[in-house]
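Subject: Handing over the structure

Hi,

Here is the structure I said I would pass on. Have a look at it first, and then read my notes on the side chains below.

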Amino acid sequence: MKNTYSIKLGAGAETPFEGAGVSSARITRKSLSADEFNFEISPDKSAQAIPYGTSVRVLKNSRVIFDGLVERAPAAASGASESARYTAKNAWSELEQIVYQQPWNVVPSGSADPESALTGTYKSRVILGQNTAGEKIGVAEQLRDILSYAISAGANLAVGRLDISSPMLFDEIKDLSCAEAVRRVLAWCPDAVSYFEYSAGAPLINIVKRSALELVGVDAKGGEVCEYSVSPREDLRVCGVCVKYEKTHRVGDTEWETVEEDLHPEGFNQRSKRALVMTVSLQGLSAGTQSNTIVCESIMPNSNSWWLSKFPAFDKSEFSRFSVKNQKRFSSLMNELKSGSVYDWMGGSIDDDMLSATLSYEVAGTRMQQDVSVRLRATNLKSGTYARDVLQNEAEEM
């Protein structure tokens, strides 16, 4: 049975190639790029040139095999003939024309009040690998979000198979087209391919791993095969993969960077030809400085002047021949904490101490004595400012 081909331009009727003046036609299928339909029409069959953006649908035996829009329409002529050659591309071309954006909650534009209620807006600075709730997602979920956004922006396509379950890392980027975003996500799946299925509805995009594709046998000696070539794609083979994790750490005013590497196979030379190297930025360790100042004085239970400083009522001229005896105390720490606080991280000890003694003195020639006691906070630390580094954020794990 002979195959019949027809073409439908815009809102026009479906017309056989011969009736539409199509003298030559070629469909080129591409992965992660636009399928193309290149065709030539004799000018006597077309009253006017086909304008840019005209929809083109090609059918084989009444089954749609291409659906796209005219993108190029250069004229061609020679001494013997004149014709118009056109190039139409499928919906992947629309993915290349739409910038991928994600919704963010921000303070309204023009508002000077940071406490204003947040409003949703689309930004072309995106974080691949996370959904709108900030949750980590895999390759398939991210691809679906990109394609769904393109459809909402007017792309003429529908989402078919997305048989890729690979995980991915967060990737912050800006001003990518939807096509570029898809290719960037598929860097995590280098064996992925895309293909379109055409039917009466919108073209159906499928993205799967090569290993998941169905094997198809083709009779190279018969049927419609005029010419074919097969060659191994050694250019796609890599000798190894190196992922570099860059972390910037900060403690106080000091900042430094570390680089950790993950190699597969282990120990391969990442500087060799056809090595796949990727850099991932991760959050590093972040720490601040906590400081505390204390003032201390020596505890001197055998000193008359020390006791007089605690009981200044006896440090007057009417009191003479002052002395101290029967000194006792609970703690053995030798300094009194006058101001500030002592914390465990300062490396010292603190006790609630009580010192007691008998004060002996003379008043108007009469010898007298009085039992006294004083409570204080005793420590083995000295006056000064103590500081430590306090972890604020742990380094993100690889």
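What follows is a run through the cysteines, the salt bridges, the nonpolar cores and the aromatic rings. Please keep in mind that this is a predicted model.

**Cysteines**

The quick result first: searching the whole structure turns up 0 disulfides. Cys-189, for one, is in no disulfide, and the nearest cysteine sulfur, in Cys-178, is 18 Å away. Cys-189 counts as buried, at 2% relative accessibility. Cys-239 is unpaired too: its closest cysteine sulfur belongs to Cys-242 and is 11 Å off, too far for a bond. Cys-239 counts as partly exposed, with 32% relative accessibility.

**Salt bridges**

There is more to report here, since the search of the whole structure finds 17 salt bridges. One of them joins the side chains of Glu-172 and Arg-125, at 3.5 Å from N to O. That pair links distant parts of the chain: Glu-172 belongs to strand β13 (residues 171-174) and Arg-125 to strand β11 (residues 125-128), 47 residues apart. Both ends are partly exposed, Glu-172 at 49% relative accessibility and Arg-125 at 38%.

Strand β13 comes up again with Asp-171, whose side chain meets that of Arg-184 in a salt bridge of 2.5 Å, N to O. Arg-184 is in helix α4 (residues 178-185) and Asp-171 in strand β13, so this bridge ties together parts that are 13 residues apart in sequence. Are the two partners buried or exposed? Arg-184 is partly exposed, with a relative accessible area of 35%, whereas Asp-171 counts as buried at 14% relative accessibility.

Arg-161 and Asp-163 make another salt bridge, with 2.7 Å between the closest N and O atoms. Here Arg-161 counts as partly exposed at 33% relative accessibility, and Asp-163 counts as partly exposed at 39%.

There is also a network of salt bridges, which links Lys-30, Glu-36 and Lys-89. Have a look at Lys-89 in strand β8 (residues 82-89). Despite its charge, Lys-89 counts as buried, at 18% relative accessibility. Leaving out residues up to four places away in sequence, Lys-89 touches Ala-34, Asp-35, Glu-36, Phe-66, Gly-68, Leu-69, Glu-71 and Arg-72.

**Nonpolar cores**

Nonpolar side chains tend to be buried together in soluble globular proteins. In this model, the largest nonpolar core has 51 residues, and those touching the most other members are Phe-37, Trp-92, Leu-95, Leu-143, Leu-186 and Ile-207. Helix α3 (residues 139-152) gives the most to this core, with 6 residues.

What does Leu-95 contact, apart from its neighbours within four places in sequence? The list is Leu-147, Ala-150, Leu-157, Ser-177, Cys-178, Ala-179 and Ile-205. A second, separate core has 17 residues, including Phe-311, Phe-314, Leu-355 and Tyr-361.

**Aromatic rings**

The whole structure holds 15 aromatic pairs. In the pair of Tyr-122 and Tyr-149, the ring centres are 5.8 Å apart and the planes are at 50°, so the pair is tilted. Tyr-122 sits in strand β10 (residues 119-123) and Tyr-149 in helix α3, so the rings tie together parts that are 27 residues apart in sequence. Tyr-149 counts as buried, at 15% relative accessibility.

Phe-319 and Tyr-361 form an edge-to-face pair, 5.3 Å centre to centre and with 75° between the planes. Phe-319 is in the loop between α5 (304-310) and β19 (320-329), while Tyr-361 is in strand β21 (residues 350-363), so this pair ties together parts that are 42 residues apart in sequence. Phe-319 counts as partly exposed at 23% relative accessibility, but Tyr-361 counts as buried at 5%. You will remember Tyr-361 as a member of the second core.

Ring pairs also link Phe-37, Phe-39, Phe-66, Tyr-86, Phe-196 and Tyr-198 into a cluster. Two of these names came up earlier: Phe-37 in the largest core and Phe-66 as a contact of Lys-89.

Finally, a couple of charges over rings. Lys-123 lies over the face of Trp-104, at 4.8 Å from the ring centre. Likewise, the charged end of Lys-136 sits over the ring of Phe-170, 4.5 Å from its centre.

Cheers

Note on methods. Residues numbered from 1 in each chain as written. Predicted model: local features only at pLDDT ≥ 70, side-chain atom pairs only at ≥ 80, totals over all residues. Heavy atoms only, no water. Disulfide = S-S within 2.5 Å. Buried < 20%, exposed > 50% of the residue type's maximum accessible area, 1.4 Å probe, protein only. Salt bridge = Lys/Arg side-chain N within 4 Å of Asp/Glu carboxyl O. Helix = DSSP H or I, 4+ residues; strand = E, 2+ residues; numbered from the N terminus. Contact = heavy atoms within 4.5 Å. Core = buried A, V, L, I, M, F, W, Y, C linked by side-chain atoms within 4.5 Å. Phe/Tyr/Trp six-rings, centres within 6.5 Å; stacked < 30°, edge-to-face > 60°. Lys NZ or Arg CZ within 6 Å of the ring centre and 35° of its normal.
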